[in-house]
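Thank you for sending this model for comment. My remarks are set out as numbered points, beginning with the chain as a whole and going on to individual residues.

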Amino acid sequence: MLAEYRLDAIESSGAFQEAELFTTPQIATFFAKFGFEAVAIEKDGFAPGMDKVQMTKHLTIA
């Protein structure tokens, strides 16, 4: 619910065209449910054995 609330607030502000986040492959599927798409994966980006996934979501400008 918190993710939905924050995304709605960001989108309704009209100030942004895109939202971006960094997460792990295990959590990326959670954010994909909100329309985020993986655009890059950096091996060991957070720590050894912990890859970093960059994800973006295009926002509708109100």
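The points below take up confidence, overall architecture, the nonpolar core, the surface and a number of single residues.

1. Confidence. The coordinates come from a predicted model, and the mean pLDDT of the chain is 94, with 98% of the residues scoring at least 70. Broken down by element, the lowest mean, 92, belongs to helix α1 (residues 2-13), while the highest, 98, belongs to strand β2 (residues 37-47). As a general caution, coordinates should not be read in detail where pLDDT is low.

2. Architecture. The chain contains two helices and three strands, which follow one another from the N terminus in the order α-β-α-β-β. Its C-alpha trace spans about 40 × 20 × 15 Å along the principal axes. Of the contacts between residues at least 6 apart in sequence, 55% join residues that are at least 24 apart.

3. Burial and exposed area. The chain has 62 residues, of which 23% are buried. It exposes about 4,500 Å², and carbon and sulfur atoms supply 57% of that area.

4. The nonpolar core. Which residues make up the largest nonpolar core? It has ten members, namely Leu7, Ala19, Leu21, Ala28, Phe31, Phe34, Phe36, Val53, Met55 and Leu59. At least two residues of this core come from each of β1, α2 and β3. In soluble globular proteins, nonpolar side chains tend to be buried together.

5. Met55 within that core. Met55, one of the core residues, has contacts beyond its neighbours within four places in sequence, and these include Ala19, Leu21, Ala28, Phe31 and Phe36. Its contacts also include Glu20, Thr23, Ala32, Glu37, Ala38 and Val39.

6. Thr56, the next residue to examine. Thr56 lies in strand β3 and counts as buried because its relative accessible area, 11%, is under the 20% cut-off. With residues up to four places away in sequence left out, Thr56 touches Glu18, Ala19 and Glu20, and also Gly35, Phe36, Glu37 and Val39. One of these partners, Glu37, is 19 residues from Thr56 along the chain, yet their C-alpha atoms are separated by 5.5 Å.

7. Thr24 and its surroundings. Is Thr24 buried or exposed? Although Thr24 is found in the loop between β1 (18-23) and α2 (25-32), it is buried, with a relative accessible area of 15%. Apart from residues up to four places away in sequence, Thr24 touches Phe46, Met50, Asp51 and Val53; of these, Val53 also belongs to the largest nonpolar core.

8. A nonpolar patch on the surface. Phe22, Phe46 and Met50 make a nonpolar surface patch of about 290 Å², and two of its members, Phe46 and Met50, are among the residues that Thr24 touches. Met50 is placed in strand β3 (residues 50-58) and counts as partly exposed, since its relative accessibility of 39% falls between the 20% and 50% cut-offs.

9. Ile41 in strand β2. Ile41 lies in strand β2, and this isoleucine is exposed, with a relative accessible area of 60%. Setting aside residues up to four places away in sequence, Ile41 touches Asp51, Lys52 and Val53. Ile41 and Thr24 are 17 residues apart in sequence, and the distance between their C-alpha atoms is 8.9 Å.

10. The backbone at Asp44. What deserves a look here is phi, which for Asp44 is near 60°, a positive value in a residue other than glycine. Most residues other than glycine have a negative phi. Asp44 is found in strand β2 and, at 35% relative accessibility, is partly exposed.

11. Two residues of helix α2. Thr29 is found in helix α2 and is exposed, with a relative accessible area of 54%; the C-alpha atoms of Thr29 and Ala40, which are eleven residues apart along the chain, are separated by 14 Å. Ala32 is also found in helix α2, but it is partly exposed, at 42% relative accessible area. Between Ala32 and His58, 26 residues apart along the chain, the C-alpha separation is 12 Å.

Technical notes. Residues numbered from 1 in each chain as written. Predicted model: local features only at pLDDT ≥ 70, side-chain atom pairs only at ≥ 80, totals over all residues. Heavy atoms only, no water. Helix = DSSP H or I, 4+ residues; strand = E, 2+ residues; numbered from the N terminus. Buried < 20%, exposed > 50% of the residue type's maximum accessible area, 1.4 Å probe, protein only. Contact = heavy atoms within 4.5 Å. Patch = residues over 30% accessible without salt bridge, like charges linked within 9 Å, V, L, I, M, F, W, Y side chains within 5 Å. Areas by Shrake-Rupley, 256 points an atom, 1.4 Å probe, with all protein chains shown as cover. Salt bridge = Lys/Arg side-chain N within 4 Å of Asp/Glu carboxyl O. Core = buried A, V, L, I, M, F, W, Y, C linked by side-chain atoms within 4.5 Å. pLDDT = per-residue confidence, 0-100.
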